[in-house]
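Got the model open in your viewer? Load it as a cartoon, keep the selection box handy, and follow along stop by stop.

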Amino acid sequence: MIPVLQDVAGEWIAASELAHLPSLRNQIGQGHVNADLSSMSWIAAPPYTFGYHTGRLHIDGVVPMAQRFRWKPWGVQRSHTDDRLTILTDTRMSLGEDVLLWEITVTNRTDSALETLVSQDLFAPVAHSETGWGWLYDVPWNSGNYHDFMTLERVRSFAPHLVAPGKRTLRLGVPRLPGLQRDGSAMSLDDALPRHVSADTVYPHRTSVAGAIRSVTLDGSPVSAPEEVITLHPAGEVTLEAFELRPGAVLACEVRLDRDGQTGVLLTHGNHPDSLQVGVSEGSLWVGIGGEKAYGGAPAAGVWHHVAVHLSADRVLLVVDGVPAASTQPWTAAGRWTATYQAGHLTIVDSRSAGRAVYSFGTLPGSVELLGAGGQANWRLRLGAGEARTVSVACSFGASADRPVDFDRVFARGEEGWERLWQNAFTPGNPDFSGHLPTLSTPDTDLAKSYYMAALLAVYMRNTRVSPLGPVFLTGGPRLGPTTTFYWDHTEWSRLYALLEPAGLRSWLLAALASPYSSAFGFDTRHLGPLGNHYASNEYSLFRLVEHYVGVTSDLGFLDVPASDRTVLEHLRGFATRSSGALIDYGSDPWELLECVPNYVNVVAGFNAAQVGMMRSFAALEHFLGQPAASPSTASPSTADAAAADAAADALAAAVIGLAAPGGRWRIVHPGRSRDDVIGHCLDFGLVAAHLQDDLPPSVSAAMIDFVETRLLAATWMRALALDDPAAPLADRPDHGAAGAFGAWPGVTAYGLARLGRPDLALNLLRETHRSASGALWGQAQEIVGDRVRVAEAGVSNRDAVSGVATAEAIVAGLFGYEPGFRALAESRPEVIEVPGLGRLRF
């Protein structure tokens with residue numbers, strides 16, 4: 001019996017228990033709720049995206065913070081209770097529509113009548129754009145469209161957001177491109193945001209001015225030697241000391257321009273997008289910081305000018321030769337968006353794009369006040385003792401902006417639509433998906449909870465509008481990647497992907513194989529351009545996704561289909577023949593392997609074990625394709641070729657086992673070094689267990705199991721890296737370091753335990769994972785804090801991550817043994833798999 005969606009996930013949770021606040025999705029867009037009772041940020045429904053936030057709820061002039069949150073797929077409830085009132089809000093993204101909905105209920109908790117003023121800010125800093133859809137996607141600011149993660153996170157917290165905390169290096173002249181900051185720890189995403197933007201993203205002001213700077217001071221104290229004259233030229237950069245800027249600070253210098261009318265950068269504090277920057281545009285000075293920019297006068301060339309930047313909490317003033325020249329404005333008053341109110345509708349228009357939004361009301365307010373870029377709606381409510389009153393607001397945007405919103409109908413339709421979608425995900429021949437998921441029947445309510453939560457995560461991460469490929473499953477978000485798919489994250493649930501959306505997976509795979517996967521981690525599904533850097537897992541990931549697609553669907557003709565300059569089969573052959581039996585060196589860049597574990601590079605056990613798995617699976621495919629009736633036209637394997645591939649795989653498997661270290665850990669070989677590292681990471685365990693379980697000596701297998709039991713499993717989750725590992729202090733992230741684990745790792749680890757003959761331990765882990773989702777579904781990382789687990793926010797961790805579907809994958813494949821690989825091509829998909837004492841899986 002498929003549970004009703006109301007029972008799958010989403011219970012009330014105290015704000016104090018949360019690190020990462022809930023998200024909203026509606027199959028075409030995504031967004032984040034904030035810590036107050038109504039505002040949202042990071043709204044992206046391509047081609048539309050929002051900056052800043054949508055506005056806060058005020059009660060009698062005060063902004064109450066949410067004390068509790070409750071997530072459901074169709075919306076997020078927030079509540080606040082004080083001595084007088086309980087305020088309950090329900091925020092939704094209408095299913096399949098560019099419409100935001102708020103229902104606000106105020107209850108009088110006293111035993112006498114009272115009056116209260118309910119005021120809702122109405123902002124919609126929306127833009128329309130067909131460019132900039134990378135992992136770090138473009139967000140609209142008053143000064144333009146670009147990704148500024150740090151400023152928007154400060155905006156969300158309602159703290160002064162212009163001036164970033166922490167020390168940053170002052171650079172004179174041309175800045176490095178934002179996204180390549182490595183002044184701090186090379187592993188910290190707070191200091192290093194790789195340039196994971198789309199290829200059509202162009203950063204402005206990429207050259208220096210021609211001129212000179214001297215006498216750089218901070219609050220009157222020298223940053224450079226007073227007598228030093230620093231020459232600037234268009235391609236040059238001069239680095240000075242690192243220091244922190246704070247509200248009230250004054251950064252000053254003397255500047256001489258070599259010529260009039262030029263364009264370029266004078267100085268940058270750091271090089272993140274939120275950095276303070278001063279430059280010249282066609283001869284006019286400008287100052288920019290945190291999404292805001294202001295232009296001043298045009299200083300004459302050949303003359304020394306005193307330039308000072310005065311920072312305050314809400315604006316930055318540029319002073320030239322003692323005269324104020326330019327000042328930024330609070331974002332609501334800076335002028336990019338304009339608002340008008342007429343006939344019960346507040347309309348907001350973007351001056352830089354076709355972005356447009358309209359606020360309407362299910363309950364007409366007593367008054368609406370215009371506030372620059374938006375407005376504020378006011379309701380004065382008179383409440384009897386114990387009485388509750390509800391008001392409602394809708395914001396339609398983009399192409400939907402001028403359509404009337406029937407609030408009650410649209411609001412109710414969200415829950416009904418999600419329930420229909422959920423039930424159809426398990427129904428053969430349904431109208432929403434090209435396939436369906438298996439139904440789990442088990443007396444173990446904890447196991448069922450984990451399975452159905454993981455299945456819901458797949459449905460939740462689906463997007464039906466963003467891509468010309470058809471339905472796609474986004475990798476993460478909402479703060480990142482509203483069009484992005486990573487190859488690696490999809491392989492963590494590749495069997496279920498093929499079962500649920502085989503047509504979508506086929507389309508996605510052809511695009512992925514046609515993309516430059518040797519130099520990117522994934523692609524923008526909207527424009528199909530590559531993103532980021534290469535991952536060592538790419539080839540394995542794509543191989544497994546093809547294998548499971550073909551294994552589930554029996555679509556052998558897919559192997560003949562061209563993808564770029566090769567057929568699918570030829571791509572697979574290239575992946576499987578990278579090694580003739582020798583260990584592979586995966587390079588020295590940690591960003592290509594585990595990103596935050598600095599010594600997990602070069603020759604590692606995990607990916608070499610994965611290579612063995614590919615070699616053996618491809619040999620099985622070649623054996624199978626040797627049957628004339630099944631062979632695609634491009635395939636002409638020989639028995640000798642397949643036997644040679646098996647022998648090479650055996651040789652590589654033996655070499656991987658030779659990397660085994662005491663205590664269930666694995667050696668890392670660094671060419672040119674006299675000593676190897678030893679590491680205790682779940683990735684090595686998972687991939688070795690998955691692909692070498694029949695090769696492992698019993699002593700090694702037992703040590704691996706003991707290592708997981710005693711060093712990785714913790715609370716209701718696990719650690720990716722052992723706490724006592726030498727790399728642990730250097731691995732700062734909770735997804736791949738020692739503070740917690742990536743959403744996929746419990747599933748990967750449980751599958752490995754089952755493969756090594758310990759389904760009991762796998763079951764124990766899988767039936768606990770549902771307790772680690774912070775009241776909703778799993779994120780990119782769950783961190784262990786004392787004896788509890790929560791979805792992590794540290795760095796740039798995602799609130800949502802499709803990799804968590806690996807929990808359901810481990811149940812289906814690890815506990816129930818469903819393996820639709822190349823070795824099982826001659827077998828038909830079972831209708832039912834039953835495991836005594838565990839339950840039944842019906843396909």
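Select Gln77 and Asp90: Asp90, in strand 9, is the bridge partner of Gln77. Strands here, like helices, are DSSP runs numbered from the N terminus (E, at least two residues, for strands; H or I, at least four residues, for helices). Before moving on, note that this is a predicted model, where local features need pLDDT of at least 70 and side-chain atom pairs count only at pLDDT 80 or more, while totals for chains, interfaces and linings use all residues. Residues are numbered from 1 along each chain as its sequence is written, and side-chain values use heavy atoms, with hydrogens and water left out.

Now widen the selection to residues 85-93, which is strand 9; strand 8 runs antiparallel to it, and six bridges join the two. Two strands count as paired if DSSP finds at least two bridges between them. Follow the chain from strand 8 to strand 9 and you pass through a hairpin of three residues.

Next, colour residues 75-81 by accessibility. That is strand 8, and six of its seven residues are buried (under 20% relative accessible area with a 1.4 Å probe, protein chains only; exposed is over 50% and partly exposed lies in between). If you're showing side chains, remember that in a regular strand they alternate between the two faces of the sheet.

Step back to residues 68-72. This is strand 7, antiparallel to strand 8 over five bridges. Put Lys72 and Gly75 on screen together: Lys72 stands opposite Gly75 of strand 8. The hairpin between strand 7 and strand 8 has two residues in between.

Jump to 538-553 and 605-625, helix 7 and helix 9. They pack at about 35°, axes 10 Å apart (axes are lines fitted to C-alpha atoms, for helices over the stretch in contact, and angles run from 0 to 180 degrees between N-to-C directions). To see the contact (heavy atoms within 4.5 Å), show Glu539, Tyr540, Phe543, Arg544 and Glu547 on helix 7, plus Ala610, Met614, Ser617 and Phe618 on helix 9.

Last stop: an open antiparallel sheet of three strands, in the order 34-53-52. Which strands stand at its edges? Select 439-441 and 832-835: strand 34 and strand 52 each have a single partner strand, so one side of each has no neighbour in the sheet. From one strand to the next, the twist averages 15°. Then add residues 839-842, strand 53, which pairs antiparallel with strand 34 over three bridges. Finish on Thr439, whose bridge partner in strand 53 is Arg842.
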